[in-house]
Amino acid sequence: MDIENQKSKTRKLGKWFKRKKKRADPFHLSEDSVEDESDDYLDNVLLRSREMDPTISINELRIFVGTWNVAGRSPVGSLAVDLDEWLNLKDAADMYVLGFQEIVPLKTLNVIGAEDPTEATNWNMLIGKTLNNKYGCPWLTPMLNIISSDNYHYAGSPNWKKRSSVGGRIGTPTRERSRNQSEKLNGNSKYKLMASKKMVGVFVSVWMKRELLRKFCVSNVKVCSVACGIMGYLGNKGAVSVSMSIEGTSFCFIAAHLASGEKKGDEIRRNRQVSEIFRRTSFPQAAKTDNSSPPLNILGHDQIFWFGDLNYRLCLEDSFARQLIKKQDWKALQEFDQLRREQKDARVFQGWQEGDIDFAPTYKYSSSNHNRYSGGLPSKAGEKQRTPAWCDRILWYGRGIKQISYFRSESKFSDHRPVSGLFSTKVKMLSLPVQELLHCTPFFPP
């Protein structure tokens with residue numbers, strides 16, 4: 001019965017907004033212009049909302065986005081030092097969104113066999129330990145309630161008492177019990193794992209400060225995977241994505257691993273895979289509603305981050321590339337960056353932004369000497385000849401995003417260096433009456 005009442009309220013809200021819009025047009029006449037009795041109630045709610053907060057409230061959220069191709073290697077305890085440096089915990093963010101590639105070797109059995117969550121769990125445990133041990137907090141507890149299916153829905157637990165100066169229910173006794181049980185089980189960890197999704201070697205892990213879950217309404221957390229590797233449908237290449245709403249702002253995080261290769265024309269394959277990921281990524285609705293539905297695709301979000309081993313190379317002779325790297329002339333080197341050229345020619349990521357690259361190419365480092373790039377002259381026996389390139393990238397799209405920093409870390413764990421971006425984002429706060437009407441009520445998964 002409560003669900004039907006919520007749906008009825010939502011439908012009324014939608015019709016009311018439409019009528020308000022039409023009333024503003026003096027030349028618009030239709031039967032919809034006839035006012036409903038519920039308009040008085042909704043007018044009062046809007047008036048009450050304006051009295052409480054006459055302007056839209058905006059809050060800042062600091063988001064750390066990172067990408068790392070770990071070359072099929074399992075995480076080890078000693079890697080915690082590298083993670084600490086990569087995550088830059090001295091300047092801790094509100095959220096950590098981490099994308100990995102090749103967390104398992106891309107062997108036939110791993111690509112075509114059933115998904116094995118072992119490595120994803122190991123990475124999450126190490127990340128949780130690194131984030132939470134820094135503050136003397138328990139690190140196993142954030143592993144509870146991980147998103148494990150594409151249809152999972154999670155809503156946070158904002159501190160309703162602090163934000164409910166007007167009347168209204170805070171929650172049912174059942175919800176209150178669930179909230180208390182969840183907090184008791186999760187302990188006092190500083191960061192909570194919000195979402196985690198693995199597809200073969202591509203993996204995304206999203207963490208958020210626990211205090212923000214009491215401050216913000218977090219809802220519609222969903223995941224999606226798109227495989228576009230071998231034959232266009234195997235998971236050795238592709239993307240895993242997370243969609244979520246924080247108050248009135250929707251976010252989408254896409255961790256991708258695109259086609260490799262530095263031959264002429266390989267960039268076309270990468271562009272095609274980007275298009276496929278855009279086309280096939282979708283986030284199912286929790287329920288059919290006329291209004292305030294969560295975004296169904298990538299571009300339906302307010303703020304979007306696309307990161308990973310995008311594999312775009314340098315259109316430059318190997319020897320010339322190494323000369324510019326030796327001079328640390330990153331601006332000159334960027335003139336030959338394949339991704340920048342494809343963007344400029346409007347063949348991929350039109351309108352997307354990326355920060356200035358003020359660091360050395362992140363791929364490919366020698367397996368025998370992690371301080372130098374693979375190949376070059378004189379050539380080493382058994383080494384692959386690869387022109388160094390900025391394969392690992394972070395792009396963004398949408399308003400209210402400002403990049404604070406863009407850098408690489410110096411871990412020698414794999415043949416790629418990890419790359420990070422710290423962002424300041426603007427989040428639109430929902431007033432309590434709007435939250436009630438849009439049934440942004442927290443619930444806890446079993």
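A residue is called buried here when its relative accessible area is under 20%, exposed when that area is over 50%, and partly exposed in between. Keep those cut-offs handy, because we'll lean on them at several stops.

**Stop 1: the whole chain**

What you have open is a predicted model. Show everything as a cartoon to start. The chain has 13 helices and 11 strands. How much of it is buried? Of the 446 residues in the chain, 51% are. The fold also brings distant parts of the sequence together: take the contacts between residues at least 6 apart in sequence, and 74% of them join residues at least 24 apart.

**Stop 2: helix α5**

Now select residues 118-133, which make up helix α5. Try checking the helix's length with your viewer's distance tool. The 16 residues, at 1.5 Å a residue, should span 22 Å, and the end C-alpha atoms are indeed 22 Å apart, so the two values agree.

Next, colour the buried residues of α5, among them Trp123, Leu126, Ile127 and Leu131. Glu119, Asn124, Thr130 and Asn132 belong on that buried list too. What covers them? The cover includes helix α3 (79-87) along with strands β2 (95-101), β3 (191-199) and β4 (202-209).

**Stop 3: the nonpolar cores**

In soluble globular proteins, nonpolar side chains tend to be buried together. To see this chain's largest nonpolar core, which has 80 residues, start from Met95, Tyr96, Phe100 and Met244, the members that touch the most other members. Which element gives the most to this core? Strand β4 does, with 6 residues. There is also a second, separate core of 21 residues, and Trp306, Tyr312, Trp352 and Leu395 are included in it.

Go back to Met244 and show its neighbours. Leaving out residues up to four places away in sequence, Met244 touches a crowd including Met95, Met194, Val206, Val218, Phe251 and Phe253. Some of its other partners are Ser219, Asn220 and Ser250.

**Stop 4: two serines in strand β6**

Select residues 238-246, strand β6, and pick out Ser241. Is Ser241 buried or exposed? Its relative accessible area is 1%, so it is buried, as the cut-off is 20%. Beyond its sequence neighbours up to four places away, Ser241 touches Lys222, Val223, Cys224, Phe253, Ile254, Thr281 and Phe283.

Ser243 sits in strand β6 as well. With 3% relative accessibility, Ser243 also counts as buried. Draw a line between the C-alpha atoms of Ser243 and Val223: they are 20 residues apart along the chain, yet separated by 6.2 Å. Further along the sequence than four places, the contacts of Ser243 include Lys222, Phe251, Phe283 and His301.

**Stop 5: the loop between β1 and α3**

Here you'll find Arg73, in the loop between β1 (58-69) and α3. Arg73 counts as partly exposed because its relative accessibility is 39%, which falls between the 20% and 50% cut-offs. Which residues does it touch, not counting those up to four places away in sequence? They are Glu102, Ile103, Trp123 and Phe413. You met Trp123 in helix α5, as one of its buried residues. As for Ile103, it is 30 residues from Arg73 in sequence, but their C-alpha atoms are 6.3 Å apart.

Ala71 is in this loop too. Its phi is near 55 degrees, a positive value in a residue other than glycine. At 31% relative accessibility, Ala71 is partly exposed.

**Stop 6: another positive phi**

Jump to Val200, in the loop between β3 and β4. Phi of Val200 is near 55 degrees, again positive in a residue that isn't glycine. Val200 is buried, since its relative accessibility is 4%.

**Stop 7: a pocket and a cis peptide bond**

Finally, turn on the surface and look for the second largest pocket, with about 360 Å³ of space. Of the 20 residues lining this pocket, Glu102, Ser260, Arg313, Tyr363 and Lys384 lie nearest its centre. What kinds of residue make up the lining? By class, there are 11 charged, 6 polar and 3 nonpolar residues.

Stay with Tyr363 and zoom in on its link to Lys364. The two are joined by a cis peptide bond, with omega about 0 degrees. Lys364 is in the loop between α12 (338-344) and β9 (392-398).

Notes. Residues numbered from 1 in each chain as written. Predicted model: local features only at pLDDT ≥ 70, side-chain atom pairs only at ≥ 80, totals over all residues. Heavy atoms only, no water. Helix = DSSP H or I, 4+ residues; strand = E, 2+ residues; numbered from the N terminus. Buried < 20%, exposed > 50% of the residue type's maximum accessible area, 1.4 Å probe, protein only. Contact = heavy atoms within 4.5 Å. Expected span 1.5 Å × (residues − 1). Core = buried A, V, L, I, M, F, W, Y, C linked by side-chain atoms within 4.5 Å. 1 Å grid on protein atoms, 1.4 Å probe; cavity = no way out; pocket = protein on both sides within 12 Å on 5 of 7 lines; lining within 4 Å. Points joined across faces, edges and corners; volume = space filled by probe spheres on them. Nonpolar A, V, L, I, M, F, W, Y, C, P; charged D, E, K, R; others polar.
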